[in-house]
Amino acid sequence: QVQLVESGGGLVQPGGSLRLSCAASGSIFSINVMGWYRQAPGKQRELVASITSGGSINYADSVKGRFTISRDNAKNTVYLQMNSLKPEDTAVYYCNGLVYGLGLTPTRNYWGQGTQVTVSS
């Protein structure tokens, strides 16, 4: 009843840029925190950046100064602008949202299906 759909991944050369988008849809009353996580092969999933509905932002140290998270509350959409990409940024990027559901829709964390980002020359 709630879906998060990511887009914008792909292959980019080191130093390049990508912009990820994640749109939430379904029986949504509101969304508190939205965030981006990533998981590289053989590694645990880690937080990349998060943003609350009020605009409070948190970044992983590894992406500070290179990535920018933003959101459009009216569209239930979160974005991740990634600049100065490095090979170590290669991973599957997942969107996450703490969604307050309408009616019988559960209030919980929801995940997108993931989008691959590959940084390679």
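**Figure 1. The disulfide between Cys22 and Cys95 in the predicted model.** The link of Cys22 and Cys95 is left-handed, with -80° about the S-S bond. Cys22 belongs to strand S3 (residues 18–26) and Cys95 to strand S9 (residues 91–101), so the disulfide ties together parts that are 73 residues apart in sequence. The S to S distance is 2.1 Å. Cys22 and Cys95 are both buried. The count of disulfides comes to one.

**Figure 2. The open sheet of strands S1, S3, S8 and S7.** Four strands make up this sheet, in the order S1-S3-S8-S7, and their pairing is antiparallel. Strand S1 (2–7) and strand S7 (67–72) are the edge strands, each pairing on one side only. From one strand to the next, the twist averages 15°. In general, the strands of a sheet pair through backbone hydrogen bonds, and they may do so in a parallel or an antiparallel manner. Within this sheet, S3 and strand S8 (residues 77–82) run antiparallel and are joined by six bridges. Leu20 has Leu80 in S8 as its bridge partner.

**Figure 3. The largest nonpolar core and the surroundings of Tyr93.** This core has 31 residues, and Trp36, Leu80, Met82 and Tyr93 are those with the most contacts inside it. At least two residues of the core are supplied by each of S1, S3, strand S4 (28–39), strand S5 (46–51), S7, S8, S9 and strand S11 (115–119). Leaving aside neighbours within four places in sequence, Tyr93 is in contact with Trp36, Leu80 and Met82, among others. Further contacts of Tyr93, again without those sequence neighbours, include Glu6, Leu20, Tyr37, Arg38, Val48 and Phe67, as well as Gly114, Thr115 and Val117.

**Figure 4. Asp89 in the loop between S8 and S9.** Asp89 has a relative accessibility of 1% and therefore counts as buried, the cut-off being under 20% relative accessible area. Its side chain makes a polar contact with the side chain of Arg38, at 2.9 Å. Not counting residues up to four places away in sequence, Asp89 touches Arg38, Arg66, Phe67, Ser84, Val117 and Val119.

**Figure 5. The side chain of Arg71 and two backbone oxygens.** Arg71 is located in strand S7 and is buried, with a relative accessible area of 17%. The side chain of Arg71 reaches the backbone oxygen of Asn32 at 2.7 Å. A polar atom of the same side chain lies 3.1 Å from the backbone oxygen of Ile51. Apart from neighbours within four places in sequence, the contacts of Arg71 include Ile31, Asn32, Val33 and Met34, together with Ile51, Thr52 and Ser53. Thr77, Val78 and Tyr79 are also in contact with Arg71. Gly55 is 16 residues from Arg71 along the chain, and the C-alpha atoms of the two are separated by 8.2 Å.

**Figure 6. Ser50 in strand S5.** Ser50 has a relative accessible area of 14% and is buried. Leaving aside neighbours within four places in sequence, Ser50 is in contact with Val33, Met34 and Gly35, with Ser56, Ile57 and Asn58, and with Ile69. Val33 and Met34 are likewise among the residues in contact with Arg71.

Methods
Residues are numbered from 1 along each chain as its sequence is written. This is a predicted model: local features need pLDDT of at least 70, side-chain atom pairs count only at pLDDT 80 or more; totals for chains, interfaces and linings use all residues. Side-chain values use heavy atoms; hydrogens and water are left out. A disulfide is a pair of cysteine sulfur atoms within 2.5 Å. Buried means under 20% relative accessible area, exposed over 50%, partly exposed in between (1.4 Å probe, protein chains only). Two strands pair if DSSP finds at least two bridges between them. Axes are lines fitted to C-alpha atoms, for helices over the stretch in contact, and angles run from 0 to 180 degrees between N-to-C directions. A nonpolar core is a set of buried Ala, Val, Leu, Ile, Met, Phe, Trp, Tyr and Cys residues joined through side-chain atoms within 4.5 Å. Contact means heavy atoms within 4.5 Å. A polar contact is a pair of N or O atoms within 3.5 Å; within protein, one must be able to donate a hydrogen and the other to accept it, and residues adjacent in sequence count only if both atoms are side-chain atoms.
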